[in-house]
Amino acid sequence: MSKQQTHAFQTEISQLLDLMINSLYSQKEIFLRELISNSSDAIDKRRFEALTDASLLNDDEELAVTITTDSNAKTLTISDNGIGMSYDEVIENIGTIARSGTKKFVEAVKNSGKEDADVSLIGQFGVGFYSVFMVADKVTLTTRKAGTSEGTQWESDGKGEFTIETIEKDRVGTDITLHLREEESEYLEDFRLKHIIRTYSEHISLPIKMLAPAPLDEDGKPQEDVEREFETVNSGTAIWARPKSEISDQEYQNFYQSLSYDMEPPLSTLHHKVEGNMEYTSLLFIPKKAPFDLWNRDNKKGIKLYVRRVFIMDDAEHLLPHYLRFVKGVIDSQDLPLNVSREILQSDRDIKKIKASSIKRVLDELTRLAKNESEQYQEFWSEFGQVLKEGVVEDMANKDKITPLLRFATTQSDSAAQTVSLDDYIGRMQEGQEAIYYITAESHQAAKGSPHLEVFAKKGIEVLLLCDPVDEWLVNSLGTYNDKPLKSVTKGDLSLSDEEKKAQEEQKEELSSLTEKLQDVLSEAVKEVRLTYRLTESPACLVADENDPGANMERIMKAMGQDAPSTKPILEINPEHALIKKLDTNSDSFADWAQVLFDQAALSEGAQIKDPANYVKLVNRLLVA
Ligand SMILES: Nc1ncnc2c1ncn2[C@@H]1O[C@H](COP(=O)(O)OP(=O)(O)OP(=O)(O)O)[C@@H](O)[C@H]1O
């Protein structure tokens, strides 16, 4: 039974289409790349599904993308014999459900002033199909899903609505016909179309076909009565299968772009052919710039797996670990079976070996960059450092390789830029300094301003300033580096000389009634009150007990929606500070002073105080007094 319906586009898609039609003027030609890439994906899917259900593909059927034009009707048609779509899939994929990138794309286009940049965003945000409305005022899509007998037709002028109906269609696959706008007739010219295909889709490992020119007659004019044949326009060879020496930088870059939609050339290109027991080729790229979806944990695309040039899946997970998710590329195995499943991949020994070698290649390359091209490495670090840090936690086997690649902000410089390696730090350690000191905080500013650093500044000891969320896990996993333990400046005791210890013991005795009274008054908020020698300018600070997680970790756990055990901090007071010297345990306002001291210590760490209004009231009362 035929059904015809009219639907409104989802609001976000309408906004997107409005931008396509009215705001993007340059490089409109990329619509063709987008359609070819969708067709190629659809063909890959059909081939893949046919591996387990042979009825989905006839033996004699050549899988290809075909491009035809009709200059009278002013239409351009892109056809494929890929997997196709069912009626419901068309509704879902094209029109009603915006992809995750749609909203971001709309925002990015609105925010950017440059037209070129606008167009480059289309691929990155996965909104490719809609780019047809840059050149067409009406688009007709007909499709039939492999394994079904019914076709579907979708049509729209891109202005708010589309119609959809069931139709008869004799071939499996998808045809997309663009009714070109008056001013876009260049896309009817063979020469122009071939140029676009060669520019963007040269490496698609599928034939892209167009009608060959008609043979010429004796006068050199095209013969009109002979039937023209289809010819393949792209070279269609997989670039990774060619010898390295024959591939130009530009070719590598074009291929990288087709994988990543990144307009910049990659930072590094790693192309290896492995022979012997296990044969495979890997072509990996390290990008210069982070893509917008780097932090999307569901985004697993990065490395494409091929088996003897047949695309198997887009799934970086088994081929590279999560912390190298920014690497793009292809791995093509000679030995795996074509019908390899995700489950098999997970346990396959060869895949594990390929993964281990790929990790090694990427980390070796980063080590090389860090050593020889430090400026480039620094740029890499500012884009991907936070992600690479996850590797120390995630990949124990390679921890020793990753750790020297880490870069930190420290008290040595004013800037928040992460530029200091642990080797740099160790090279600058003071005589007798046993540990690598660090502080974790919510922001660089909070870390830098922490009173805990006062004594370190006085002694000239450098401290790592850590404020990325992953840092807490990082320092826990690191434990030590080159036999030097990593130590938080906010935890536990400072190691001291014997004389210092003696002097402190005496002072502790002297002030014991003060610390006891403070502890009494603040018993709900603190675990202990004790003297400190880590402060020079502040009256008090909070420290965590040696085995407690610490305030920053608790804050992060809460932000992640996890139950953090609430541990009480230790209040340390600076016996040399005028305020502490003036504290009078017998005064009526002692409890007020104690509370203000505690709140100030929390504030100076960048933490929030429980009752800000009460704090203000107390301070004012004390000021007036
Ligand atoms: N020729 C086609 N054959 C089968 N399905 C298609 C075809 N073209 C598009 N689709 C379906 O429509 C969806 C939307 O396509 P669109 O180009 O907007 O985004 P995408 O291709 O998913 O994103 P990206 O550009 O990041 O790959 C596709 O994911 C696919 O499911």
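The exchange below concerns a predicted model and the grounds for some statements about its strands and helices.

Me: How is confidence in the chain expressed?
Reply: On a scale from 0 to 100, the mean pLDDT of the chain is 87. A value of 70 or more is reached by 92% of the residues. For the complex, the predictor gives an ipTM of 0.97 and a pTM of 0.67.

Me: What makes strand β12 largely enclosed by the rest of the structure?
Reply: A residue counts as buried if 20 or more other C-beta atoms lie within 10 Å of its own. Five of the five residues of β12, 303–307, are buried, so the strand is largely enclosed. In the chain, buried residues make up 35% of the 625 residues.

Me: Which residues of β12 point one way, and which the other way?
Reply: Ile303, Leu305 and Val307 point one way, while Lys304 and Tyr306 point the other way; all are buried. In a regular strand, side chains alternate between the two faces of the sheet.

Me: Why are β12 and β14 called paired?
Reply: Pairing requires at least two bridges between the strands. Five bridges join β12 to β14 (residues 328–333), so the requirement is met. The two strands run parallel, and Gly329 in β14 is the bridge partner of Ile303.

Me: Why is one side of β20 and of β21 left without a neighbour in the sheet?
Reply: The open sheet has three strands in the order β20-β22-β21, with mixed pairing. β20 (528–531) and β21 (540–543) stand at its edges, and each has a single partner strand, so one side of each has no neighbour in the sheet. Ignoring direction, neighbouring strands here are turned by 25° against each other on average.

Me: What makes β21 and β22 a pair?
Reply: The threshold is at least two bridges. Four bridges join β21 to β22 (residues 570–573), so these antiparallel strands pair. Cys541 stands opposite Glu572 in β22.

Me: Which helix packs on the sheet, touching β20 and β22?
Reply: Helix α17 (residues 512–521) does so, and its direction makes about 155° with that of β20. Helix α20 (residues 590–604) lies across β21 and β22, running at about 65° to β21.

Me: How many helices and strands does the chain have, and what share of contacts joins residues at least 24 apart?
Reply: The secondary structure comes to 21 helices and 22 strands. Two residues are in contact if their C-beta atoms lie within 7 Å. Among contacts between residues at least 6 apart in sequence, 71% join residues at least 24 apart.

Conventions. Residues numbered from 1 in each chain as written. Predicted model: local features only at pLDDT ≥ 70, side-chain atom pairs only at ≥ 80, totals over all residues. Buried ≥ 20, exposed ≤ 12 C-beta atoms within 10 Å, placed from the backbone. pLDDT = per-residue confidence, 0-100. Axes fitted to C-alpha atoms, helices over the stretch in contact; angles between N-to-C directions.
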